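These are my notes on the model shown below, set out as numbered points. Please read them with the coordinates open.

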Amino acid sequence: EKTGYRTKQMLVAPILDDASLALIGVVQLINHKTGGAFSRAAEEGMAELCKTLAIAMKQRQHGQAFAVRTKYD
């Protein structure tokens, strides 16, 4: 209310692990820049982004298992 910002539309997609289909996270886009609905291209781009994020998150998680932890972690 203070800023006057209003949500008009959202495009939301899950980030899923390919192997187990477990939910890793969610990506949410709010309010298309032009004010209209999100295009099919935006939906397809979001799907590809989610696939890329799933790979990155899985690699990051796997890499941490072998990382040396310090007292500052």
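1. A13 is a convenient place to start: apart from neighbours within four places in sequence, A13 is in contact (heavy atoms within 4.5 Å) with V26, V27, M46 and C50. The model is a predicted one, in which local features need pLDDT of at least 70 and side-chain atom pairs count only at pLDDT 80 or more, while totals for chains, interfaces and linings use all residues. Residues are numbered from 1 along each chain as its sequence is written, and side-chain values use heavy atoms, with hydrogens and water left out.

2. A13 also belongs to the largest nonpolar core, whose eight residues are L11, A13, I15, V27, F38, M46, C50 and A54. β1 and α1 (40–64) each supply at least two residues of this core. A nonpolar core here is a set of buried Ala, Val, Leu, Ile, Met, Phe, Trp, Tyr and Cys residues joined through side-chain atoms within 4.5 Å, where buried means under 20% relative accessible area, exposed over 50% and partly exposed in between, with a 1.4 Å probe and protein chains only.

3. As to the overall arrangement, the protein chain has one helix and two strands, and from the N terminus on these elements run β-β-α. Helices (H or I, at least four residues) and strands (E, at least two) are DSSP runs, numbered from the N terminus. Of the 73 residues in the protein chain, 15% are buried, and among contacts between residues at least 6 apart in sequence, 40% join residues at least 24 apart.

4. Q9, found in the segment before β1, deserves a look, because at a relative accessible area of 16% it counts as buried. A polar atom of the Q9 side chain lies 2.9 Å from the backbone oxygen of G36. Leaving aside neighbours within four places in sequence, Q9 is in contact with L29, I30, N31, H32, G35, G36 and F38. One of these, N31, is found in the loop between β2 and α1 and has a positive phi of about 60° although N31 is not a glycine.

5. The loop between β1 (10–16) and β2 (23–30) holds D17, and D17 counts as buried because its relative accessibility is 16%. The side chains of D17 and S20 are joined by a polar contact of 3.3 Å; such a contact is a pair of N or O atoms within 3.5 Å, of which, within protein, one must be able to donate a hydrogen and the other to accept it, and residues adjacent in sequence count only if both atoms are side-chain atoms. Outside its neighbours within four places in sequence, D17 is in contact with A22, I24 and K58.

6. Is L21, by contrast with D17, buried or exposed? L21 also lies in the loop between β1 and β2, and L21 is exposed because its relative accessible area is 60%. Its phi is near 60°, a positive value in a residue other than glycine.

7. On the surface, Y5, M10, V12, L16, L21, L23, V26 and I30 form a nonpolar patch with about 790 Å² of accessible area together, to which β1 and β2 each supply at least two residues. Patches are made of residues with over 30% relative accessible area and no salt bridge (a side-chain nitrogen of Lys or Arg within 4 Å of a carboxyl oxygen of Asp or Glu), with like charges joined within 9 Å and nonpolar side chains (Val, Leu, Ile, Met, Phe, Trp, Tyr) within 5 Å. The protein chain exposes about 6,300 Å², of which carbon and sulfur atoms supply 57%.

Technical notes
Accessible areas come from the Shrake-Rupley method with a 1.4 Å probe; for residues, only the protein chains shown count as cover.
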